[in-house]
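Here are my notes on the structure you sent round. Please read them with the coordinates open.

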Amino acid sequence: MHERVEEPEALSAPGPAPTSGVGVIVPFDFALDRELWRWVPEDAALHVTRTPFVPSPVTAEMARAISDPEPVRRATRDVLEPEPGVVAYACTSGSFVDGAAGEIALTGVITDAGAPLALTTAGALVEALKALGAGRVAVVTPYVDDLTSLLEQFLAAHGVETVGSVGLGLLGQIWRVSYDEVVRAVRAADRPEAEAVFISCTNLSTYDVIAPLERLLGKPVITANQVTMWAALRAVGHRAVGPGQSLIQGRQGAVSHLRVVPDQPTPRDEPEHGGGGPGGGPQVLHKVRVRLPDESGALARLTEAVAQADGNILGLAVHGQDSRSVVDEMFVGSAGSAEELAEAIRRGLGTEDPGAVLVTPADPHDLVDAPTRALDLAVQAVSGGDATALARGLGALVHADAVRYQPTEPPRHPHVLAAAVPQGGWLVAMRDWAPFTVTEQARAEAFLRAADVEPVRPRWDILTLSGAELVAEHATGDEIGPVEDLLCACLAGLEPSGERATWTDRELRALLITPRGPALLVRDEAGVVVALGAVVEDELVLLVHPHYRGMRLARWLRKRLTARALA
């Protein structure tokens, strides 16, 4: 007799509900799949495919190659199997490079290949600007100037005027651009007459800075990936997910909370209509530090005091101070001056201590969250490769007035922060406007530990046609002897006198470490350098030991160095 076993509830469930699919065609170098998904609600799905590889830097020629009808047609057919309700071509430059007519033709290629609906990033941009009622825009791109100019021409063809623009001039690896760089570029491109800001390129990460930038600028900020997902999801009956983003939440016009200080602010004795606070002028970004007792309700009193001062809190961090108090650091938008804001907060907190509330000017890149900012600075310090870069990064992290290196630890002082350098000695940060906190001390020590991590050197294993196993690595500059031996082997028999040629150490080091990057060295199983590739004054230099010629090492080195030059 068999006992009946109850089936688990999950086995008898109807299964997952069908989802609305969005097909997405992206360029071969697209690296931000994860960002696209952040706009997608739970009951929708993305089906992503890529165009074929094109050995070209990011120029108008590359944009035309990745939007050529044949690869786009093949990519469309590849993504149709999951039956998406719409296919989106997610590349800004590829969809605007041939103007308004080219964008229309591109959607025609996609629908002719079988897509039920088709759209492009450039077309979605035009629709987004219409939805926001924006006819004048500031533009930020990662492109070279001629590609940025083509974007401006595309917008003009749709009746949109570009009133300010910044191009980063990049030819590749655009996905590596940090939030900090994006914020700086937006701030430089924005103009008072711009009704919106557009950040171009689907390979440029922007999701986390859109809402803070809108609060900062007081106007909509739209981006390539955002408009693409907004339009594609809307086409299949869904609403994108984007907290605080004007386009996603359906707010039209300016979202005025905080505006950048104009180059020539209106004098305080000249009233300005439509001002944002008691001062009657544009709002300014302040950094506010307040020392509070570590007790329940202290933060509530502080936020109420800021509200009474007509301040808008855009960011907040709590710093440990001692066992009885903390330091709250806020970024506040206010129409008043720093002195007026500080006095209003002191009144709200009921304190007359001038040191309890400190207000200083702030920079928009401070709105980037602290962990991201610290990681960016650590990477920059490692890339800089010297003590100056390390000191500069530490100074930016803790907002110091000055940073110096010294061999011994300085005496303790509230306005002095000292952190031990792993290689020896101390970096000493100083500032007059506020004492350092224990939180900043911990951040400084962690920053120096992170910056001390040894970078991983790329390494390639090579198997030659004869079966020999070789290893390729970047040069460090210390391989002067082995490279001299390789040069002599390559030139053997060429000297009529039979004498061995000689080079200075400086000449050999210039071959190993060039302005275009370190040379590539190939070693055999015994560690002997048997081949070298380098770019010297825009000329490709290839050396292969006579015993290893005919094994395609020169071809391999040429391919690697060319790829690095395009990256």
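The points below take up a helix, its salt bridges, a cavity and one leucine.

1. Status. This is a predicted model. Please keep that in mind throughout.

2. Helix α3. The helix spans residues 69-79. Which of its residues are buried? They are Pro71, Val72, Ala75, Thr76 and Val79. Viewed down the axis of α3, these buried residues fall within an arc of 140°, so they line one face of the helix.

3. What covers that face. The cover over the buried residues of α3 includes strands and helices. Among the strands are β1 (20-26), β2 (44-50) and β3 (86-89). The helices include α2 (60-66) and α5 (99-112).

4. A salt bridge within α3. Arg73 pairs with Glu70, and their closest N and O atoms are 2.8 Å apart. Both residues lie in α3, three residues apart, about one turn of the helix. Arg73 is partly exposed, because its relative accessibility is 24%, between the 20% and 50% limits. Glu70 is also partly exposed, with a relative accessible area of 33%.

5. A salt bridge within α6. Here Glu127 pairs with Lys130; the closest N and O atoms are 3.8 Å apart. That distance falls within the 4 Å cut-off. Both residues belong to helix α6 (residues 121-132), again three residues apart, about one turn of the helix. Glu127 is partly exposed at 37% relative accessible area. Lys130 is exposed, at 57%.

6. A salt bridge between distant parts of the chain. Glu440 and Arg289 meet through their side chains at 2.4 Å, N to O. Glu440 sits in helix α16 (residues 438-451) and Arg289 in strand β9 (residues 284-293), so the pair ties together parts that are 151 residues apart in sequence. Are these two residues buried or exposed? Glu440 is buried, with 2% relative accessibility. Arg289 is buried too, at 4%.

7. The wider network. Arg289 and Glu440 belong to a network of salt bridges that also links Glu329 and Arg431. Across the whole structure, the search finds 16 salt bridges. In general, side chains of opposite charge can pair when their charged atoms come close.

8. The cavity. How many cavities of 30 Å³ or more does the structure hold? It holds one. The largest cavity has a volume of about 120 Å³. It is lined by 14 residues, and the closest to its centre are Pro27, Asp29, Cys91, Ser93 and Cys201.

9. The cavity lining. Two elements, α2 and α4 (92-96), give two or more residues to the lining of the largest cavity. Helix α2 gives the most, with three residues. Helix α2 is also among the elements that cover the buried residues of α3. By class, the lining has nine nonpolar, four polar and one charged residues.

10. Leu511. This residue lies in helix α18 (residues 505-512). Leu511 counts as buried because its relative accessibility is 13%, under the 20% limit. Leaving aside neighbours within four places in sequence, Leu511 is in contact with Val483, Ala519, Leu532, Ala534, Val536, Val541 and Leu543. One of these contacts, Leu532, is 21 residues away along the chain. The C-alpha atoms of Leu511 and Leu532 are separated by 9.5 Å.

Definitions and conventions:
Residues numbered from 1 in each chain as written. Predicted model: local features only at pLDDT ≥ 70, side-chain atom pairs only at ≥ 80, totals over all residues. Heavy atoms only, no water. Buried < 20%, exposed > 50% of the residue type's maximum accessible area, 1.4 Å probe, protein only. Helix = DSSP H or I, 4+ residues; strand = E, 2+ residues; numbered from the N terminus. Arc of directions from axis to C-beta. Contact = heavy atoms within 4.5 Å. 1 Å grid on protein atoms, 1.4 Å probe; cavity = no way out; pocket = protein on both sides within 12 Å on 5 of 7 lines; lining within 4 Å. Points joined across faces, edges and corners; volume = space filled by probe spheres on them. Nonpolar A, V, L, I, M, F, W, Y, C, P; charged D, E, K, R; others polar.
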